[in-house]
Structure formats: C-alpha cells, structure tokens
Amino acid sequence: MGLLSRKVTCNAHGQDSSYFLGWEEYEKNPYDDIKNPDGIIQMGLAENQLSFDLIEAWLAKNPEAANFEREGQSIFRELALFQDYHGLPSFKKAMADFMSENRGNRVSFDPKKLVLTAGATSANETLMFCLADPGDAFLLPTPYYPGFDRDLKWRTGAEIVPIQCTSANGFRITKSALEEAYEQAQKLNLKVKGVLITNPSNPLGITTTRTELNHLLDFVSRKNIHLISDEIYSGTVFTSPGFISVMEVLKEKKLENTDVSKRVHIVYSLSKDLGLPGFRVGVIYSNDDIVVDAATKMSSFGLISSQTQYLLSALLSDKNFTKNYLRENQIRLKKRHMKLVSGLEAAGIECLKSNAGLFCWVDMRHLLSSNTFEAEIELWKKIVYEIKLNISPGSSCHCNEPGWFRVCFANMSEETLKVAMNRLKMFVDGPSSSTRSQSEHQRLKSLRKMKVSNWVFRLSFQDREPEER
C-alpha cells in the first residue's frame, strides 16, 4: 500500500453510498421480463429511453452522417486524424443553437464561450479545478445528486457544504438557508468559492423559480463568489411552470457583461434531454474568457471524439428534427410521469409535485418504523431485497429528513413500470411472509445486522481521509 498514492487509498469517492450499493445489487440480479422476471428492477438510473425511436428514425433518413460521409464522399480519414481540443466549429455552433432553442430562444449562446467535455461529470469537475483550490468550498442545496460527492471533490480536493432545504416549503432555496450555509462554512474555516445548483433539480424533479434565481444572484453578487447552474435536465420540463435559465435572469436584471455575469457558469450535456449518456457529450458555458481558456486546455484530458461531434452536429443542425424531438419527448415524459404518480397513489404513496426530470421525489415517511435514517435504510433494504426495486434513499442525496426516496421512471418500458408498481402495492398492502423464499429471509436477517454506513450521516467535508485535508 505504501507504493500507492493517497488518492488511490483514500475513501472519498462515495462508493459506499447506498446510491451506488443499490446499483451493485441490481447488477447481480437484473430484471428481465423473460429471462429473469423475479430480478431487481432498476429505478435508480436517471436515463431517458423514451424517445430512442425518434433518433433512430433520423439516423435511418440521414445515412451520410452515420456513415461519416459528406456529399457522397467518405470523411472517415479526416475525422480519424488528430483534432484540435477546441472541438469542431460546426458542432459547437450546433450545440450553442440547440441550447438556445431548448430555452425558447429567450437567450443566445456564443460558441466561442463553449468548452466541450466528456459529459457533465467532466464539465463539473473541470469547473471545480478552474474555480476552487483544494480545501475551498462550494455550497449545494439539499437534497442533491449523490454523484456530486465524487464529481466535485474526489480529485479536486474541493469541499461541499450543504444548503439545508426542507419539505416545509417544498425544498425551495431560501435567503436564510444560503446565509446559514455560508456561516457554517466560515465556522469550519472553509473559503466559499461559489454555489452550485441543478436546474431542474436532481433529485427533486422541479424547476428553480425566478425568485430563487434572484436570491442566488443577489447572494453571489454580495459575497463575490461564483454560481454554477447545472442545466442538464433543461429539455425534460414537461409541464408548467416552464424552465428559466440563470442566463435569462442575468439578462432581465441587466447584468450581462458585468463582473457578476463572469462568475456565472452553465453546465449542459446531451445525456438526459437526448438520452445519449454513452456518447459522453457535455459542455461548459462561461462569460469569463480566463475560465474558458483554462477549461479548454483541461478538456484535452477528456475529449469528445470527432466522429461523435460530426454525427451530432448534423443531427442538432436539423431544426425540424430538434423542434419535433423536444416537443414529443416532453409529451412522453409527462405521460410516463403520470403513470408513476398514479401507481404510487394506488399504493397509498405520495410524492413532491414535480414538472421536470426523469424521476420523482417520493414520500415514504409513513412507512418508516421510526423517524430516523436507520429506519430509512432498513426500509430501503426491504425495497431492494424483498420488493426487488432499486431506488435511491434520500440520505444518499444528503436529505436532512428521513423517509424520502428518488424513483426513476424513464429508463424502462411501461410494462416494467407496471410490474414495479404492482410489487410496491403488494408490499404496502401487507404481503404474506409465507410468499417470500427462505433465502430472502436469511439475507434480510443478515442485512439487519449490517451497520448503517457512516456516509449517510457525515457532512460532505468530513468524507476525506485525514492525510487528504
């Protein structure tokens, strides 16, 4: 072990979170309606599989793009050879135009201010490298995406301090919560470099309001810090209120081309809106030339292939396709969301009213044996091992109230969702214990002896091993 680096041997990745542990259990026993109908159904994956047919239809009608041809001639050699890490100009323009279209063309984006990255994960980490030194902190509203503990901190050395949001006001960001988080960071001798939000929120499935965005901009302006708005779910808003980008509020407040605007940065990707996480396409948008220049240099460690850029440049430049896709995808998301909500209601379970995303924030507090995180994890184990549904407990998202769960609905067929909801209803209604196999009982018995991971309780900045401080 002494021959390995501290980074390799530290425990700051967050892999012991129940968010990741649920995935591991699913991979051991994945559901298949034919081959393994008693397997675990994956409801912990925020993946959009509802509109693949639209993209596949476009590919069938546009074989030149998929075959790397231009005017009937192969350009494979051109794409296969070395490309500048600034990216293909045609793709950056298409991406900037698509981002504007996704926001109703209420704001426009300059391709020169775009930095291409291998997904939003790379984009967020690159921004951390650009904006924070090891030990500096970013404030994040809770609950937040569990992967941020890995993406923002693991390699950068940055810290996360939670902005505590509660169910009392629908987990909305308040002025007082922002100030309390800032004061908490100061008590811990952490220098706050900025705030990071997801809009629409993962895991809440709600869009950030104009009031919240105004609070945030006023806050970062007064504190002279940065604001990162991760807007990777901007195209998934399926009902009112609509999506408001932070760039729109900057424009409304006439803060364009000011020092404040230089401290506002957007992260976007095609992983959620187009359902292309495997293509690894993300971007950083910043009005600060220094950040753009530095992030572009760093992007050489995680480039998007030229072949991917060429293909998606053609797809995104087809305005008839993008207009139809965005509209149809939102219709399908709304329909699927309604299916999940009605299935939950049939089981006597409610969720936070949401209007976006690929998931619901589900309230199972009434199913807890006690109002504790230990009881939440115990319920989660039953859901994974008895009901055989992998969902994400709120504690993995750093929610400060036990009993909330993130449940995804767009990564499976409608038939599989029906199976999942039937399983959940049977559990809530009180299925006979005699219907469970002896092996399941033994496994649950051993699981009850497991100690709840310290990850559930510790604050973000406590994750790091002592030598990593």
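**Close-up views of a predicted model**

**View 1. Asn257 sits in the loop between α11 (246–252) and α12 (259–262).** This is a predicted model, and here we zoom in on a loop residue with an unusual backbone. Most residues other than glycine have a negative phi. Asn257 goes the other way, with a positive phi near 60°. Its relative accessibility is 76%, over the 50% cut-off, so Asn257 counts as exposed.

**View 2. Lys388 is found in the loop between α16 (373–387) and β13 (389–390).** Here is another positive phi in a residue other than glycine, this time near 65°. Is Lys388 buried or exposed? With a relative accessible area of 18%, Lys388 is buried, because the cut-off is under 20%.

**View 3. Two cis peptide bonds, one ending at Pro143 and one at Pro200.** Most peptide bonds are trans. The bond between Thr142 and Pro143 is cis, with omega about -5°, and Pro143 belongs to the loop between β5 and α8 (148–151). The bond from Asn199 to Pro200 is cis too, with omega about -5°. Look for Pro200 in the loop that links β7 and α10 (210–223).

**View 4. Helix α13 (residues 289–298) has a buried side made of Val291, Val292, Ala295 and Thr296.** Why do these four end up on the same side of α13? They cover an arc of only 130° around the axis, so they share one side of the helix. Packed against them are β4 (114–117), α7 (119–131), β9 (264–269) and β10 (282–286). Turn to the face pointing away from the buried side and you meet Asp289 and Ile290, both exposed. At the N-terminal end, Asp288 acts as the cap, with a side-chain oxygen 2.9 Å from the backbone nitrogen of Ile290.

**View 5. An open sheet of 7 strands runs in the order β4-β10-β9-β8-β7-β5-β6.** The pairing is mixed. At the edges are β4 and β6 (159–163), each pairing on one side only. From one strand to the next, the twist averages 25°. Over at the β4 edge, 4 bridges hold β4 and β10 in an antiparallel pair, and Val115 stands opposite Ile284 in β10. Helix α6 (residues 89–102) lies across β4, β9 and β10, at about 105° to β4. Helix α9 (residues 175–187) also packs on the sheet, where it touches β5 (137–141), β6 and β7 (192–198), and its direction makes about 145° with that of β6.

**View 6. Strand β15 (residues 404–408) is mostly covered, with 5 of its 5 residues buried.** Which residues lie on each face of β15? Trp404, Arg406 and Cys408 take one side, while Phe405 and Val407 take the other, and all of them are buried. Strand β12 (residues 359–363) runs antiparallel to β15 and is joined to it by 5 bridges; Val362 stands opposite Phe405. Strand β14 (residues 392–393) also pairs with β15 in the antiparallel sense, over 2 bridges, and there Ser392 stands opposite Arg406.

**View 7. Helices α3 (residues 52–61) and α14 (residues 306–317) pack with their axes 11 Å apart.** The angle between them is about 100°, so α3 and α14 are roughly perpendicular to each other. Where they touch, Ile55, Trp58 and Leu59 from α3 meet Leu311, Ala314 and Leu315 from α14.

Terms used. Residues are numbered from 1 along each chain as its sequence is written. This is a predicted model: local features need pLDDT of at least 70, side-chain atom pairs count only at pLDDT 80 or more; totals for chains, interfaces and linings use all residues. Side-chain values use heavy atoms; hydrogens and water are left out. Buried means under 20% relative accessible area, exposed over 50%, partly exposed in between (1.4 Å probe, protein chains only). The arc is that of the directions from the helix axis to the C-beta atoms. Contact means heavy atoms within 4.5 Å. A polar contact is a pair of N or O atoms within 3.5 Å; within protein, one must be able to donate a hydrogen and the other to accept it, and residues adjacent in sequence count only if both atoms are side-chain atoms. Two strands pair if DSSP finds at least two bridges between them. Axes are lines fitted to C-alpha atoms, for helices over the stretch in contact, and angles run from 0 to 180 degrees between N-to-C directions. Angles under 35 degrees count as roughly parallel, over 145 as roughly antiparallel, 65 to 115 as roughly perpendicular and the rest as oblique.
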